[in-house]
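Me: I've got a model open and some labels I'd like to pin down. Can we go through them one by one?

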Amino acid sequence: MQFNHAIGQHCLLDVYQLNSNWLQDAIAIEKALLQVAQVAQAHILASHFHTFGGSGGVTGVLLLAESHISIHTWPEHHYAAIDIFMCGKLLVEAAVAELQQVLPNAQMQIRWLAREYVPIA
C-alpha cells in the first residue's frame, strides 16, 4: 500500500502587463518579494537579485528555511515568471494574495502544484 505525504505547495505565476521600469528595478522587486514572504510567515535565510545590463530584466531568489521564492523578468514583454515553493504550514495563499495587492494592475495566470512524497515500492 502506498501513502502520499504532502511536502509543500508550489505556486507558479505567469504575470503579464507589468510596468517595464519595475521589471528592471531589482531593489523594488526584492522589497515586494520580501513583503510577500513576510505575509506567508516564512523565514528568510538569504536573498540575491541580479539586474542584467541595458534594458534587461532581473533574476532573483529569496532562500527560505521553508524553500524559496524566485523571479525572472522580461521588461521587453512586460512579463515576469514567479515561483513560490513553501513547505510546512505556511500561508502560501496569503502570499499570492499579497502579490496581487503589490501588483494591482497585473494579469496573473496561477498554477498550483501539491508537492508530495510518494514512496516507490
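Me: Before the rest, what makes arginine 111 partly exposed?

Reply: This is a predicted model, where local features need pLDDT of at least 70, side-chain atom pairs count only at pLDDT 80 or more, and totals for chains, interfaces and linings use all residues. Residues are numbered from 1 along each chain as its sequence is written, and side-chain values use heavy atoms, with hydrogens and water left out. Buried means under 20% relative accessible area, exposed over 50%, and partly exposed in between (1.4 Å probe, protein chains only). Arginine 111 has 39%, so partly exposed it is.

Me: And why is aspartate 14 called buried?

Reply: Its relative accessible area is 11%, so aspartate 14 falls under the 20% limit.

Me: How do you know that arginine 111 and aspartate 14 meet in a salt bridge?

Reply: The label needs a side-chain nitrogen of Lys or Arg within 4 Å of a carboxyl oxygen of Asp or Glu. Here the N to O distance is 2.6 Å, so the pair qualifies. Arginine 111 sits in strand E6 (residues 107–117) and aspartate 14 in strand E1, so the bridge ties together parts 97 residues apart in sequence. Strands (E, at least two residues) and helices (H or I, at least four) are DSSP runs, numbered from the N terminus.

Me: What makes the length of H1 agree with a helix?

Reply: The expected span is 1.5 Å times one less than the number of residues. For the 14 residues of H1 that gives 20 Å, and the end C-alpha atoms are 20 Å apart, so the two agree.
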